[in-house]
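Q: Pick one helix and give me a close look at it, please, along with its surroundings. Spell out the cut-offs as you go.

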Amino acid sequence: MIDSTFFSVSVRRATPSRISAVVVALLVLMGSPVPADEAVDVDTKTSNTLRIATYNASLYGKKAGDIRERLKDGRDRQAENIAAVVQTVRPDILLVNEIDFDTNSETAKLVAEKYFAVGRGQRQGIEFPYVYGAPSNTGTDSSLDLDNNGKTGEPSDAWGFGVYPGQYSMAVFSRFPIAVEQIRTFQTFLWKDLPGAIRPVDPDSNQPYYDDATWNQLRLSSKNHIDVPINVDGTTIHVLASHPTPPVFDGPEDRNGCRNHDEIMFWNLYLSDADSKVLVDDAGNAGGLAKDASFVIMGDLNADPHAGDGRRDAIGGLLSHGRVQDPQPHSEGAVEEARQKGSSDLEKAKNDTASFGRNGNLRADYVLPSRTLMLKDSGVFWPKRDQDNRDAIAASDHRLVWIDVTIPRDVDSK
C-alpha cells in the first residue's frame with residue numbers, strides 16, 4: 001500500500017530506473033537492441049542525478065467519484081497512457097496537475113499502485129512510496145455570484161472553477177520521504193492580501209468588477225499553493241506547486257487574467273521575503289521560504305512569457321528571479337507540430353509544453369529549480385510522429401516536463 005507519511009528509510013538506491021541503466025549498458029556492449037523506452041530513460045540520467053517532473057494529466061470526471069471508479073480495476077486507457085509517459089521518463093519526484101483530490105488521496109494512490117507501479121510491454125513499473133494529494137478550491141462553492149450572472153451555486157461560483165469539490169486538483173508523487181507535518185498550504189489565502197494585487201475593473205463603468213463584500217472574501221488560489229518538503233538523502237527540497245487559472249474564459253474585465261498573474265506573483269513574493277507578515281498559510285503561520293532553501297517551482301502555470309492571452313510580466317519575473325534557474329526544456333515533437341500548424345516562430349516553439357489544437361501551442365508547464373541545485377539537463381516529453389510512445393501523449397493536451405539536477409555537497413538540509 002502507498003503511505004503518505006514520513007519514513008526515515010530512503011529507497012533511492014534500488015529503483016528500477018537505476019537498474020535499467022545498467023541493463024541498457026550491458027545490452028549495448030553485447031550488441032543487442034535497446035528498447036526505445038529505456039533509451040529515453042537513460043539518455044542523460046546518471047546514478048547521482050535527481051529527476052523531477054510535472055505533468056498536467058487531465059484526469060478528471062463529470063462528477064465526484066467518476067475517476068476513482070474508472071481507475072479501480074487498473075485498466076483505464078487514459079491512465080495507462082499517463083503511466084506510459086511516466087514510466088518512460090522515470091522521475092524521482094513528480095507533480096501531477098488535474099487529478100481529483102479526495103479522502104486520504106485515494107485517487108492519487110490508485111494511480112500510483114495500479115498504473116505507475118505496473119509495468120506493461122517493455123516498460124518497467126515505477127513505485128512512488130510517498131504520495132500527497134493537495135486539497136483544492138476547485139468546485140468548493142463560495143455561496144457568492146462570482147461571475148455576476150445573477151445566479152449562485154454554479155461551477156464558476158466556486159472558489160476555483162469546478163463541477164465538484166476536488167476536481168482539477170494536484171498530487172505529489174515521490175520516491176523520497178515527504179515531510180508531511182511540515183507541508184504548508186495557502187488554499188484560503190485572500191487575493192486582496194497579496195501585495196500589489198490586481199483587482200479586476202469593468203472597463204465600461206471603470207468600477208471594480210467585484211464589489212467590496214465579494215473582494216474581501218475572494219481566495220487567491222484557484223486550486224492551492226503548496227510547499228511540500230521532500231527529504232532527498234538528508235537534504236530538503238521544497239516542491240512549490242500550483243496551477244493558476246487560465247487567463248481566459250472571462251470578459252473585458254480580465255478577471256481570470258488578473259488572477260493568473262497574481263497566482264504566479266505569489267511565488268515571486270514567497271521567494272523574495274522570508275520574513276513576510278502577509279504570507280499566512282492555512283495553519284496561521286506567516287513567512288516566505290528561507291533564503292538558503294533548495295526548491296523547485298512546479299506546475300501548469302497557464303502562462304507563456306512570449307505568447308498567449310496572459311499578463312506576461314509575472315511569469316517573466318519568475319523566470320528571471322535571482323533564486324531561479326530557467327532550464328528552457330525543449331522537444332523535437334513541439335517543433336514538428338508547430339511547423340505543421342504553420343507557425344513562423346519555430347525557435348519559440350521548441351520550448352512549448354501544451355498543444356491547444358487550432359489555438360496553437362504554448363509554454364505553460366514549468367519545473368524551475370533553485371540556484372542551490374546543479375542543473376544537468378531538461379526536456380519535454382513530446383515525441384515526433386514517427387517515434388515510440390507517440391500515442392501515449394493523447395492522454396492530455398499537456399506534455400510532461402522534466403529536469404535533472406544534482407545536489408552540491410555544500411547544500412545544507414533545511
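A: Let's start with the contacts, meaning heavy atoms within 4.5 Å: of those in the protein chain with a separation of 6 or more, 74% link residues 24 or more positions apart. This is a predicted model, so local features need pLDDT of at least 70 and side-chain atom pairs count only at pLDDT 80 or more, while totals for chains, interfaces and linings use all residues. Residues are numbered from 1 along each chain as its sequence is written, and side-chain values use heavy atoms, with hydrogens and water left out.

The chain has 10 helices and 15 strands, which are DSSP runs numbered from the N terminus (helices H or I, at least four residues; strands E, at least two). Of its 414 residues, 56% are buried, that is, under 20% relative accessible area with a 1.4 Å probe, protein chains only.

Now zoom in on helix H4, residues 77–89. Its 13 residues span 19 Å from first C-alpha to last, close to the expected 18 Å; that expectation is 1.5 Å times one less than the number of residues. At its start, a side-chain oxygen of Asp76 comes within 3.3 Å of the backbone nitrogen of Gln78. That makes a polar contact: N or O atoms within 3.5 Å, one able to donate a hydrogen and the other to accept it, with sequence neighbours counting only if both atoms are side-chain atoms. After the helix comes Arg90, with a positive phi near 60 degrees. In between, H4 is mostly covered, with 11 of 13 residues buried, among them Ile82, Val85 and Val86, but also Asn81 and Gln87.

What does H4 lie against? An open, mixed sheet of 6 strands in the order E3-E4-E2-E1-E15-E14, where two strands pair if DSSP finds at least two bridges between them. Its edges are E3 (130–134) and E14 (374–380), each paired on one side only. H4 packs on this sheet, touching E1, E2 (93–99) and E15, and its direction makes about 165 degrees with that of E1; axes are lines fitted to C-alpha atoms (for helices, over the stretch in contact), with angles from 0 to 180 degrees between N-to-C directions.

As for the strands it touches, E1 (50–59) runs antiparallel to E15 (401–406) through 5 bridges, with Leu50 opposite Val405. E1 also runs parallel to E2, joined by 6 bridges, and here Leu59 stands opposite Ile99. E2 has 7 of its 7 residues buried; 5 bridges join E2 to antiparallel E4 (170–174), where Val96 faces Ala171.

Note on methods:
Buried means under 20% relative accessible area, exposed over 50%, partly exposed in between (1.4 Å probe, protein chains only).
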